[in-house]
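Please look through the model below before reading on. The paragraphs after it go from one helix to the whole chain and then to smaller details.

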Amino acid sequence: MSDGDEASFLGEFSQRLHSGDLGVVCDALSDYQQAQANTRWGVDNPYWPLNNEVLFVARDLLDRSSTLDDENRHRALSWSLTMVWHLGEDEDADRIAEILETTSDPGLREEGVMAASTALEDAEEPNPRLLAAVRAIALDESLDARDRGAAIHALGGLDMPEVEALFIRLTASGDLKVQVSAARQLTSPKKVRVHRELLQQLVDSWPEDAGPFSSDVRDALVGFHSTYWKDAHLDDPALRNAHDELRFPLTDETCLEAFTTLLRSDDPIAVGIALDHYEYWEGLRHVLDDSDLADAYLPEVLERAREVLRRPISPAEVSALNMIGAQHAKPGDADLLVDILGRTDSDTVRHEAIWMAYGLFNEAEPADARLVEAVSGVIFDLSASHGTKETAIRILADGLGAGADDVLVRAIREGEPDVQVHAVSYLVKTGGLDRHRAVMEELAESWEERPPARFWGQNPVDLVFGKPHSVHWEGHRLQDPDLRSAHRRLRLPTADDSYHDAMRTMLESGDVAAVGIALDHWWDAEGALARGGEEARQPARALVLTLIQEILRQPPSPPELSREYGPRAAHLTALSALRIAAKDDLPVLADSLESADSLRDQVLDTVRDVLWSVEHSHPRLVQALGDIVCDEAVPMSERSQALYLLGEFRSDNSVDVLLSATRCPELEIQAAAALVLARDETLEEHRPMIQALAASWPAEDVPTEVIEVRELLEDSDEE
């Protein structure tokens, strides 16, 4: 919003906050809470400039809540505590403690505990009174496990011996949910080191379905082992002890000592584990109290990783490659990568080497030809997995752009089907479609709209030819080369003379599917409209109108031409085009009704949709609907629908047509038409006729319209 609008918006909110009317104030706080809740979707709270005012008002309500009656007191406390949860500070601790000490209301207790978590977190030293109040809730066995768990969570951020002792005490609770909540607060690596035996005993005693948080405790007991060495075994007891200390350290000093012991050892598994711990987010930095201490070891870690790569087929090379990655790769690493890719038979090693090469492709200009060749070779290596080949394609395309064209075109010609899909997709991404259109279109055509795989949810055929293929004929491949060429032209993103020539070629072809595909392009918003706006539809409009009437008169289309819609495809295409064409030309609907016959009910649905969108009718359409209403050979359901449309959407001749309908022999039609006239402003003009009709109708077992007409006549007589 503009600065002026924002000032007005915030000014109005501020006035509500300070209005003095408790209901208005609480409604304003409710609006703040809703806006704050919406921040989880990545949007800002528009009221944040007034955070201080919001907190001031919340504190004022807390301070004077004792003067309010019970109902207003509860509402004021509830919204105030919610605001303190979002915005509170250490100075709010006593206010919150007062409520927690005195309330028996579960809702206020829950909101108070949430507010307490904010105040406790803000304090350098937690407020003793508030700490005691929250502790009492956690220990109160008369309360629900949810309340006690919330209190345990509120204390979880406090690194205090007495709080840790509380958690240990609560793991002995008879309530399983309280046990789990307390145990979860003992799952930091350092606490696991101290309380591992207790936690293991608890986990062993829990059922499998001990609640969602129980998995956090189970995972914490395992800790981060490594990325690539979970099934490996360290033979040296000193290295095993170092690994254990690294996972569950007592101090940062012992943690770093254990890390360097592994990193500097001669055991490749130990080195690999150390490299994994440095690189992975759950590793070294996660267990250090001061994660920045790890930064000093980065040069040594990278040098050690490169030492591993210089060794012939070291088991730790996968960890070394992962550690260096694209982020730390240097031009001098090209020789190492070329050598590794040339000798390894490990698909995991190839994958990590390719990602490391990505860093060199982004840095070096031009790219090292030997490295490009080594990465390219993976695409055609029969022993490499599809995933690794696809990664190679991605890295080459993203890193080299058009420089990867030769390799990707070769992959299109020689690769397995899944590899072809990725090569095509990344060529499109780098602009290769304009450079290699012929070979890419040839491959896309060979898939016959059924590619062997999708690319990030997209059909690669659409990436090559453009969208849409069509709506009702998706997947159909036209056999005639000229029609295929015209279809390809329609799918290109522009509309010029060649586009209109292609549209006309397909519409005039006489080929059922080609005509249907072209009509879909004409009416669908992703077709002509997306390429040139409404003007792109105009050159073919007259031909489209003619084809709509012809198709509606024809029998269903051959079912094999449309995978999804079968024999209905041609008629559905024509009706869809009719919905667009008729909005500016309502008489077209009259023509369609006259030629519809077996499709009359569907055309009537189309008429309804069009009239709803334009909100008026036309004399020719009114007459066509009237002809249906009065035709005794037409099913009653269709006559009733036509009569409904006559009543809802009027034109100059509507009354005359409705009068004709009252002369139909069927009671249902007479009554429905008379009801429309009786509701009309011309009721008095037609009263004698309607009264005569009403008098002629039976007294019992009549349609509801008969009853309504009689009631309208009686009401008007009384007036």
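In which helix is Pro 417 found? Pro 417 is in helix α24. The model is a predicted one. Pro 417 has a relative accessibility of 44%, and residues count as exposed only over 50% and as buried only under 20%, so Pro 417 is partly exposed. Asp 290 is 127 residues from Pro 417 in sequence, and the two C-alpha atoms are 50 Å apart in space.

Now take the chain as a whole. The secondary structure consists of 41 helices and 0 strands. The C-alpha atoms fill a box of roughly 105 × 80 × 55 Å along the principal axes. The radius of gyration of the protein is 38 Å, whereas a compact globule of 719 residues would have one near 27 Å. Buried residues account for 51% of the 719 residues. The protein exposes about 34300 Å², and 48% of this comes from carbon and sulfur atoms. Among contacts with a separation of 6 or more, 63% join residues that are 24 or more positions apart.

The next topic is the interior. The largest nonpolar core has 84 residues, and within it Met 506 and Leu 593 touch the most other members. Helix α39, residues 667-678, gives the most to this core, with 9 residues. What does Leu 593 contact, leaving aside its neighbours within four places in sequence? Leu 593 is in contact with Val 603, Leu 604, Val 607, Leu 621, Ala 624, Leu 625 and Ile 628. Another core, of 83 residues, lies apart from the largest one, and Val 318, Leu 337, Val 349 and Met 356 are among its members.

Single helices show burial on a smaller scale. Helix α26 covers residues 437-446, and its buried residues are Val 439, Met 440, Glu 441, Leu 443, Ala 444 and Glu 445. Which helices are included in what covers them? The cover includes α23 (405-414), α24 (417-429), α25 (432-435), α27 (460-465) and α28 (481-491). Helix α24, the helix of Pro 417, is thus one of the elements over the buried residues of α26. Just after α26, Glu 448 takes a positive phi of about 50°.

Ser 80 gives a second case, in helix α4, residues 70-87. Is Ser 80 buried or exposed? Its relative accessible area is 0%, and buried means under 20%, so Ser 80 is buried. Not counting residues up to four places away in sequence, Ser 80 touches Ala 58, Leu 61 and Leu 62.

The backbone has some details to note. Most residues other than glycine have a negative phi, and most peptide bonds are trans. Glu 615 is not a glycine, yet it has a positive phi of about 65°. Glu 615 lies in the loop between α35 (600-614) and α36 (619-629). With a relative accessible area of 65%, Glu 615 is exposed. Asp 701 also is not a glycine and has a positive phi, of about 50°. Asp 701 is in the loop between α40 (683-696) and α41 (704-718). Asp 701 is exposed as well, with a relative accessible area of 82%. The peptide bond from Lys 467 to Pro 468 is cis, with omega near -5°. Pro 468 lies in the loop between α27 and α28.

Aromatic rings come last. A pair of aromatic rings is described by the distance of the centres and the angle of the planes. Rings count as a pair if their centres lie within 6.5 Å, and by this rule there are 9 aromatic pairs. Why is the pair of Tyr 280 and Trp 281 called tilted? The ring centres are 6.1 Å apart and the planes stand at 45°, which is neither under 30 degrees, as for stacked rings, nor over 60, as for edge-to-face rings, so the pair is tilted. Tyr 280 is partly exposed, at a relative accessible area of 31%, and Trp 281 is exposed, at 58%. Elsewhere, Phe 9, Phe 13, Tyr 32 and Tyr 47 form one aromatic cluster.

Rings also have charged residues over their faces. Arg 410 lies over the face of Phe 380, at 3.6 Å from the ring centre. Arg 537 lies over the face of Trp 522, at 5.6 Å from the ring centre.

Terms used. Residues are numbered from 1 along each chain as its sequence is written. This is a predicted model: local features need pLDDT of at least 70, side-chain atom pairs count only at pLDDT 80 or more; totals for chains, interfaces and linings use all residues. Side-chain values use heavy atoms; hydrogens and water are left out. Rings of Phe, Tyr and Trp (its six-membered ring) pair if their centres lie within 6.5 Å; planes under 30 degrees apart count as stacked, over 60 as edge-to-face and the rest as tilted. Buried means under 20% relative accessible area, exposed over 50%, partly exposed in between (1.4 Å probe, protein chains only). A charge sits over a ring if NZ of Lys or CZ of Arg is within 6 Å of the ring centre and within 35 degrees of the ring normal. Helices (H or I, at least four residues) and strands (E, at least two) are DSSP runs, numbered from the N terminus. The radius of gyration is taken over C-alpha atoms; the globule rule is 2.2 Å times the number of residues to the power 0.38. Contact means heavy atoms within 4.5 Å. Accessible areas come from the Shrake-Rupley method with a 1.4 Å probe; for residues, only the protein chains shown count as cover. A nonpolar core is a set of buried Ala, Val, Leu, Ile, Met, Phe, Trp, Tyr and Cys residues joined through side-chain atoms within 4.5 Å.
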